[in-house]
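Here is a short, friendly tour of the model in view. Please have the structure open as you read.

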Amino acid sequence: MPELPKWADEIRSLYLSGASNQFILHGNVGDRVLLVGDDDKAGSSARLGNLTDLLVEQLLHKFDVVLTYELGAGVRVAAGDKTFRLWPSGKALERMPKKPAEAIGVLDHFLRYCVNLRQIKAADADAKGNDGDITSILPGDRQPMQVASGAADSLAGRNLSVAIIFKSAQLILPMTPNALSYELSSLASVVRSWSRETHFIEQNLAVFLLTENLNDLHSLLANNPRAARVEIPLPDAGDLAVALKHFASRYPKSLEKFTDQLELPAQRLSGASLASVEGLLKRREHSAEPLAERDLADLKKRLVEQDCQGLIEFIEPDRNLGDYFGQEPVKEWMRQDIVLWDQGDLGAMPMGYLLCGPVGTGKTYLVECLAGEAGVPVVKLKNFRDRWVGSTEGNLEKIFSLLHALGRCIVFIDEADQALGSRDSGSGDSGVSGRVYSMMAKEMSDPDNRGRILWILASSRPDLIEVDLKRPGRVDVKIPLFPTTDPDDVYRLIRALCRKHKLELPKEMPAELSSMMPSLVTPGAAESLAIKVYRQVRTQSVDALAALTDCLEDYQNPVPADVMEFQIGLAIREASDLDFVPENFRTGPIAT
């Protein structure tokens, strides 16, 4: 048999040891998987399938009976049809049930039939064969189980190995806002009992619940301590390289530029699902347009955003820390961290940064510059909150699965005081904020993420972020960003932004402008001023210096002075190192 993925080895170990017979497979359960035949050595007999195919054909190929249940397709026999048909009640079924209550009832009935078969002595079966059936009552059964003599002759005393696969289990047994839903809870209780009752534990039984997100599954099952929760990850670079070798023969035109170096596109496309990569290759093959190395970054961005259904924004930055104006101590610290990151020296590498300061100080821009300097992508979390119960938590699960597959990346959470929730959210949002807080806190402190994921939170109100989320081990470095105060620095900032609009100002600040330069100017405010200068140049046919002079005469800071001073004070108090705070902000009323 071909080598199974690590998660399959984990299932096999848990099952063979008797530690668990019920498995909740979550994460990348809807993706395509590469199936390889027994006789395959060169990839000629490889084919693509889905997760159920892998379970049935490779993990469960020795089981006597494998049943699947899907809401639309109903119960189906995936393997062992002949053995299943020895069940008298199976013969009596006109059609396999589709509705959850009926389907789970039939599955439970069949499992109890198998348990009874195991307990029947072959000799008893022979002795009672003339009666046409055997009656056995299991503790808790309301009615006797009928076993035909033919079945008893061939199966009595055997411990049949049976597997049941619930496809899209979250649609069959969903988490519901009404936790007291009697029917759903009773069905979930039946499925849970297969992992808890002694006679099922002693049976050769394996139950698989496939769901994209754990939080979408009924809590009786998702929180069942007897069930093993196994995450199916997105394919990593190694998985993609193996798949691309298979794709090379099917889509030769698409991959003709990477014939001898398939590891390169595999590395660049890691984080995308195999299904989306296959779709990309099909489109390129149809249009006879080969993939090129320069395309890979943009293609990865589109594929990842497509797989995540708009929950994240994937940014490949094209700038570095040299493009960020000022804040020299901050940039020096960040450059040192990048060196540690590149060298794999993670002992002093922070788990995360907190960027705080008044609005407009360029927190998002600094993150993009840092990512460009480090040569890693930025994943920006968008609005993952949803009005449906469980959907917000499910969206976070999906995002976390993506982050684990991306390799080295920066995760940027803007307006973190709003996005991260709080420990005590009250009852106004049905506890969603509390659950978001718990999930984020757990993920941000996972030591396995050090050196793989760098978390960056940004907020102008860091005082509203839960203290536990800002502690070392989650956020190790808290960086304050401040507006520019020195007139020369303000002028240089405005001049740099005007040059982006092809407006030339004198290199040195004219003396007449010195007294006109405003104080506490943020990059955002300077950008707004540069745009106003550009507008006057275009509409009034004046030169840039005259337009700037006119704009400064009527300038008013877009952030009220009291708000600016309050947010500066918060940033000073949050700073993890006073070297990040300019000398002129360390004393005076703002600092206190």
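Glu 443 is buried (under 20% relative accessible area, 1.4 Å probe, protein chains only), yet has no salt bridge (a side-chain nitrogen of Lys or Arg within 4 Å of a carboxyl oxygen of Asp or Glu). Arg 452, the nearest side chain of opposite charge, is 6.6 Å away. This is a predicted model, where local features need pLDDT of at least 70, side-chain atom pairs count only at pLDDT 80 or more, and totals for chains, interfaces and linings use all residues. Residues are numbered from 1 along each chain as its sequence is written, and side-chain values use heavy atoms, with hydrogens and water left out.

**Around Glu 443**
- Helix H20 (residues 432-444) holds Glu 443; helices are DSSP runs of H or I with at least four residues.
- Leaving aside residues up to four places away in sequence, Glu 443 touches Phe 400, His 404, Asn 449 and Trp 455, where contact means heavy atoms within 4.5 Å.

**A charged patch**
- Arg 76, Arg 95, Lys 98 and Lys 99 form a positive surface patch; its members have over 30% relative accessible area and no salt bridge, with like charges joined within 9 Å.
- Arg 95 sits in the loop between helix H4 (88-92) and helix H5 (100-119).
- Arg 95 is exposed (over 50%), with a relative accessible area of 58%.

**The whole chain**
- The protein chain has 26 helices and 16 strands, strands being DSSP runs of E with at least two residues.
- Of the 592 residues in the protein chain, 50% are buried.
- Among contacts in the protein chain with a separation of 6 or more, 75% join residues 24 or more positions apart.

Conventions
Patch = residues over 30% accessible without salt bridge, like charges linked within 9 Å, V, L, I, M, F, W, Y side chains within 5 Å. Areas by Shrake-Rupley, 256 points an atom, 1.4 Å probe, with all protein chains shown as cover. Lys, Arg positive; Asp, Glu negative; His and termini not counted. Charge placed at Lys NZ, Arg CZ, Asp CG, Glu CD.
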